[in-house]
Amino acid sequence: MEWIFEPWPWYVAGPLIALIMFLLIFVGKQFGMSSNLRTMCTMCGADNAADFFNFDWKAQRWNLVVVVGAVIGGFIGAHFLTNDAAVAINPETIATLQDLGFSSAGNAYLPDELFSIDALLNMKSLAILLIGGLLIGFGARYAGGCTSGHAISGLSNLQLPSLIAVIGFFIGGLFMIHVLFPLIF
Amino acid sequence: MRTLSYLFIGIFFGIVMYKSEAASWFRIYEMFQFQSFHMYGIIGSALMLGVLGVQLIKRNNIKSFFGEPIKFVPKDKGFTRYIVGGIIFGLGWALAGSCPGPIYTLIGAGYVSILVVLLGAILGTFIYGLLQKKLPH
């Protein structure tokens, strides 16, 4: 059972993600995490501001329950199923990140430079987190889905729009890492 | 009963996201640097099994646990919204190092700062809703 406390390899995690998608399909739902953001907007009264938010959000309550579960799962994973949270990424990646100023690379789960409590008081890292979030929320809704809705659910159903969206995800991600990161960090 | 099943699926999802390190900013960076097979292996193996399973369900008209027919809703046809929206999402995915599912997982794992990303994502969704009718789709 010791393996449970180690990072789970891709050939365990990938099939488990497929299993999660099928469990949702078999309870009559679908796998997609970003649509919750729209539900949250509507719950906060956004339906008064735009028609897009004028929908029966109560029919989406099940997905908010999945969200609550994902939070609990993160708590369990981090606090009960992990001895050492440091992510053993490729040494070359560590070297590149350290050149960019990420000295926590290889020693942490998330970079301290962006996610530590101290970083919250730093305008630059705060702006990076906020802008990153804005792009995620805006892009996911514009594209009609995120990694779970398009890359897993949509592609599993052989949807061409999902393939276009996933190609977009990679164009955007590669541009950010290879072109914008050297300018930002 | 159904609500409990959603909760357990969510918990399972949260654990898998955390333990597979798919919720780690570093893994996303490494993926876009093509310096590890890890993330491609996760997405690729999930996808292979996903395609197989969806075909099996469709061909055999398999019913849900509650005996209801399983419907797969096709995505709306289009190009612009998927490529442009996809690129914008990808920029955020790489910058914040997290997609929507892992955001929730990381809240549970105790990273307070990820709440800023969540706030941004909710605001981004709101801005999309305001501009939706003016954007090319």
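**Entry 1. A term to settle first**

A crossing of two helices is called right-handed if the near helix is turned clockwise from the far one by less than a right angle, and left-handed if the turn is anticlockwise. I wrote this down because the term is needed for α8(A) and α4(B), which pass each other in a right-handed crossing. I also noted at the start that I am working with a predicted model.

**Entry 2. The two helices that cross**

I looked up where the pair sits. Helix α8 of chain A covers residues 160-184, and helix α4 of chain B covers residues 80-96. Their axes come within 6 Å and cross at roughly 40°. I then asked which word describes the direction of α8(A) against α4(B). The word is oblique, because the crossing angle falls outside the ranges for roughly parallel, roughly perpendicular and roughly antiparallel. I also sorted the residues in the contact of α8(A) with α4(B) by class: 20 are nonpolar, six are polar and none is charged.

**Entry 3. Chain A as a whole**

I went through chain A next and found eight helices and zero strands. Written along the sequence, the pattern of chain A is α-α-α-α-α-α-α-α. The C-alpha atoms of chain A fill a box of roughly 50 × 45 × 35 Å along the principal axes. Chain A has 185 residues, and 49% of them count as buried. I also looked at contacts in chain A with a separation of 6 or more: 40% of these join residues 24 or more positions apart.

**Entry 4. Two domains in chain A**

The domain assignment splits out domain 1 (1-83) and domain 2 (122-185) in chain A. The centres of domain 1 and domain 2 of chain A, taken over C-alpha atoms, are 18 Å apart. How many residues does each domain of chain A give to the contact? Domain 1 gives nine and domain 2 gives 10. On the domain 1 side, α1 and α2 of chain A each supply at least two residues. By class, the domain 1 side has five nonpolar residues, three polar and one charged.

**Entry 5. Chain B as a whole**

I did the same for chain B, which has six helices and zero strands. The pattern of chain B along the sequence is α-α-α-α-α-α. The C-alpha trace of chain B spans about 45 × 40 × 35 Å along its principal axes. Of the 137 residues in chain B, 54% are buried. Among contacts in chain B with a separation of 6 or more, 45% are between residues 24 or more positions apart.

**Entry 6. Where the chains touch**

I turned to the contact between the chains, which takes 106 residues from chain A and 101 residues from chain B. On the chain A side, the helices that each supply at least two residues include α1 (10-26), α3 (61-80) and α8. Which helix of chain A gives the most to this side? It is α6(A), with 17 residues. The side of chain A that touches chain B has 78 nonpolar, 25 polar and three charged residues.

I picked B:Val116 as one residue to check, and found it in helix α6 of chain B, residues 114-131. Why does B:Val116 count as buried? B:Val116 has 23 other C-beta atoms within 10 Å, and the cut-off for buried is 20 or more. Leaving aside neighbours within four places in sequence, B:Val116 is in contact with A:Leu126, A:Leu129, A:Leu130 and A:Gly133.

**Entry 7. Helix α7 of chain A and the loop after it**

I asked how many of the 10 residues of α7(A) are buried. The count is 10 of the 10, so α7(A) is largely enclosed by the rest of the structure. Among the buried residues are A:Thr147, A:His150, A:Ile152 and A:Leu155. The buried residues of α7(A) pack against α1, α6 and α8 of chain A, together with α3 (38-60) and α5 (100-109) of chain B.

After α7(A) comes A:Leu158, with a positive phi near 55°. A:Gln159 lies in the loop between α7 and α8 of chain A. A:Gln159 counts as buried because it has 21 C-beta neighbours inside 10 Å. From A:Gln159 to A:Thr147 there are 12 residues in sequence and 14 Å in space, C-alpha to C-alpha. Neighbours within four places in sequence aside, A:Gln159 is in contact with A:Gly154, B:Pro74 and B:Lys75.

Key: Residues numbered from 1 in each chain as written. Chains lettered and ligands numbered in written order. Predicted model: local features only at pLDDT ≥ 70, side-chain atom pairs only at ≥ 80, totals over all residues. Axes fitted to C-alpha atoms, helices over the stretch in contact; angles between N-to-C directions. Helix = DSSP H or I, 4+ residues; strand = E, 2+ residues; numbered from the N terminus. Parallel < 35°, antiparallel > 145°, perpendicular 65-115°, else oblique. Nonpolar A, V, L, I, M, F, W, Y, C, P; charged D, E, K, R; others polar. Contact = placed C-beta atoms within 7 Å. Domains from an automatic or database assignment. Buried ≥ 20, exposed ≤ 12 C-beta atoms within 10 Å, placed from the backbone.
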